[in-house]
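Visitor: I am new to this one. Please show me the structure, and tell me how its labels are earned.

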Amino acid sequence: MMVRRSTRVSRTPKRFAYGSGYEPYPTTSSARAALKSEGRRMVPDVPLLIPKAPETEKQLKVISVDLLEERNGKDHHTDQYEVEQLVLRKGQAFHLDVEFDHPYDASTDTIWLEMLMGSRPRVSSGTRIVLPTKKGSPAHDASWVEVLRSSGNKTSLKAYLESDSIIGLFDLVVCTETSGEDEYRYDVETDVYVIFNPWCKHDGTYMSNDAERKEYVLNDEGAYFYGSKVQIGGAPWYQGQFEPVAIECVFHLLKKSGLTFSYWNSPPHIVRSLSALINSQDDDGVLVGNWSGDYSDGVEPTDWTGSISILKEYMETGKPVKYGQCWVFGSLFTTAMRAIGIPSRTITNFASAHDSDANLTLDYHFGEDRMSLPDEDEDSIWNFHVWNDAWMARPDLPEGYGGWQAVDATPQETSRGSFRMGPASLSAIKRGHVYLDYDTKFAFAEVNAETVYWTVFDNRRTPPEVITVDSDNVGKYISTKAVGRMARHDITDQYKFSEGTQRERMAVLTASKYVKSAKNFMKDVPKDVSFSVELPRDVIIGSDIEVTVRATNNSSSSRSVPISVSGSTVYYTGVKKATVVSSKYTLKISAGKTEDFKVTLTAEEYLGSLTEFAGFVFFIMGMVSETKQTYSTQRDFVLQKPELSIEVDDNLKVGSPFSISVSFENPLKYPLVDCRFRIEGPGIDGHRLESFRQVKPHERVAHRIRLTAKRSGTRSLNVTFASNEIKGVKSSISVSVAE
């Protein structure tokens, strides 16, 4: 990239504007003393913004600078960025060619570079970086510049930016000096982004595995997982970290955060600040969370298919975007971290605990009639919850706690005054070391909390009694996208030891030492009746649901077993929307026999109360009258949505329009109204939202959409369908685009 500019060096560079009453930093000690004696304010530690003396013939003046964008982009793994600026990774050398007004003379001329950020650049804050002339062997990981060769008026430079530099958008200034005087400064017109470098061993984000770097830093086609621990689904997500708005938005958020510039080289501080600003809960960040079911003044969370449409709306309007839920916050956060070079992945925890009172237990309450008492429940188990892992060193913690760190941008609870979570070391979570920063206790509970079922007595004077304790109910099938494949990778063993093992119990015991209030649990009673619950699989929305409770009498005497079943539609957070079935029955079971209690929930009973998640929770409770043995459990259930079929034209070329056809069948007995399709992906120019007509009951429809290919290679298109009756129907297809 050739940058040519005709300018007088006495001009203050384009982006430096001092505050009222400040003077450019004086060039001589006498001038500084004079200003100080007059009581006038100066900006200390600021680069020299004016020449030391008027222009002279001796000065080595810059005519043009070539930032060698293609070479540096490939060397720094930043060639996919679509920004006008050069993107460099710190802790690595870069190259540039400079044309002077006369030949460079090594015996008299000195060349150095300066990188400047903000209106008051300072060495002390890292916003002024000086790359001095390389002499001999520089200090370990120090910044420098050296002349590689010079021919005529053209000189090739090699520069190194130390790995401890801060990240940000910098002005690049080429400086020269002749015979120790006649300084000349040239402000390169094109700015330079500096980001983290997982390829550099000295960088706090260093990751040694190349396949993982390609996945967690360079892959712009992501995925998240949803559903329940017995019904896991997945959906693609366009990360788009190389689009201009992504890196622009991240640095906008960092400035907005108020994080001191000197911490802009610290991955733990960076991700903690961003986790608060991805949500808008208390600082007007990017995305508004909404779990109410009413999204009439915004976009339904299930409609989003990628990060870029959200980031563009936020940057264009300056207002938080409506609306998101955990998978949107998590996927957006992955984009933000990858855009600045931090390896990151989107995580789904199935049966995720939300321990509101921080006692490492989730408490569910039942009345003496064995029916659930939802008003008594403050804790909840989310069917799934999406957060992030970020890869980094943790110099603020004892040795051994670096690597993957859990961070969460979904606004659940405050952490030191802001809605954010993490970074919490996975090593600390797994070992139960919940005393380590940040928010490790909350993260530990999400994957390890025990579920306790209580009986609440009608008189309210008798203390509640424990029915049963389930230590294996939360933290299931913790998942992320597999490296190099569009598939689910189970990483549960990175968060916790196997359930029931001695190491897992020791981790829970260790964590419990740091809990303010623990609870006394249950007394043992004879257990001679075994219970199980069966739910059907792969039930399409609009079909009936049958719940079967099976009880086996293992004693030598008959048993009377009252059983209750209640079912509610739920949001994916576990919050109930409406009770849609409630039934009781007493089984009479002979010795050694098995009896079933079946409850059928019809489509007509649940469709009017269904959430966009299409989920249910069934509470089952039984008690053996003769022995007082109790049984209590909950089962999550998610209906299947119709499949989208996508067909694409052949022979796609960059810049040429093409068509896709999206088809599906309405599974309901009712029409679908207010229908729309949303399309996003790296293979097309922009994102699209298109309305569609009403779909009749059981009708199969197809919709053709015209798009334009913008990049060559194998690319993904993500498509979502939504209507008032069915939401969040997703699919994707890979397409090959030729130049």
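Guide: Let us start at Asn 448, which sits in helix H9 (residues 440-448). This is a predicted model: local features need pLDDT of at least 70, side-chain atom pairs count only at pLDDT 80 or more, and totals for chains, interfaces and linings use all residues. Residues are numbered from 1 along each chain as its sequence is written, and side-chain values use heavy atoms, with hydrogens and water left out.

Visitor: What makes H9 a helix?

Guide: Helices are DSSP runs of H or I with at least four residues, strands are runs of E with at least two, and both are numbered from the N terminus. H9 covers residues 440-448, so the rule for a helix is met. The protein has twelve helices and 41 strands.

Visitor: Why is Asn 448 called buried?

Guide: Its relative accessible area is 7%. Buried means under 20%, exposed over 50%, and partly exposed in between, with a 1.4 Å probe and protein chains only. Asn 448 is therefore buried.

Visitor: Which residues is Asn 448 in contact with?

Guide: Setting aside neighbours within four places in sequence, they are Ile 429, Val 474, Lys 496 and Glu 504. Contact means heavy atoms within 4.5 Å.

Visitor: Why does Asp 439 count as partly exposed?

Guide: Its relative accessibility is 22%. That value falls between the two cut-offs, so Asp 439 counts as partly exposed. Asp 439 lies in the loop between H8 and H9. Its phi is positive, about 60 degrees, although it is not a glycine.

Visitor: Where is Ala 351, and is it buried or exposed?

Guide: Ala 351 is in strand S16. Its relative accessible area is 1%, so it is buried. Its phi is near 55 degrees, a positive value in a residue other than glycine.

Visitor: Why is the pair of Phe 350 and Phe 384 called tilted?

Guide: First, the count: there are 32 aromatic pairs. Rings of Phe, Tyr and Trp (its six-membered ring) pair if their centres lie within 6.5 Å; planes under 30 degrees apart are stacked, over 60 edge-to-face, and the rest tilted. Phe 350 and Phe 384 have ring centres 6.5 Å apart and planes at 50 degrees, so the pair is tilted. Phe 350 lies in strand S16 (residues 344-354) and Phe 384 in strand S18 (residues 380-392), so the pair ties together parts 34 residues apart in sequence. Both are buried.

Visitor: What makes Phe 384 and Phe 613 a tilted pair?

Guide: Their ring centres are 5.8 Å apart and their planes at 50 degrees, so this pair is tilted. Phe 384 is in strand S18 and Phe 613 in the loop between helix H12 (603-606) and strand S32 (615-623), 229 residues apart. Phe 350, Phe 384 and Phe 613 belong to one aromatic cluster, which also includes Trp 327 and Tyr 572.

Visitor: What makes a set of residues a nonpolar core?

Guide: Its members are buried Ala, Val, Leu, Ile, Met, Phe, Trp, Tyr and Cys residues joined through side-chain atoms within 4.5 Å. The largest such core has 92 residues, and Ile 270 and Ile 340 have the most contacts inside it. Helix H7 (residues 326-339) gives the most to this core, with nine residues. Apart from it lies another core, of 56 residues, among them Ala 551 and Phe 692.
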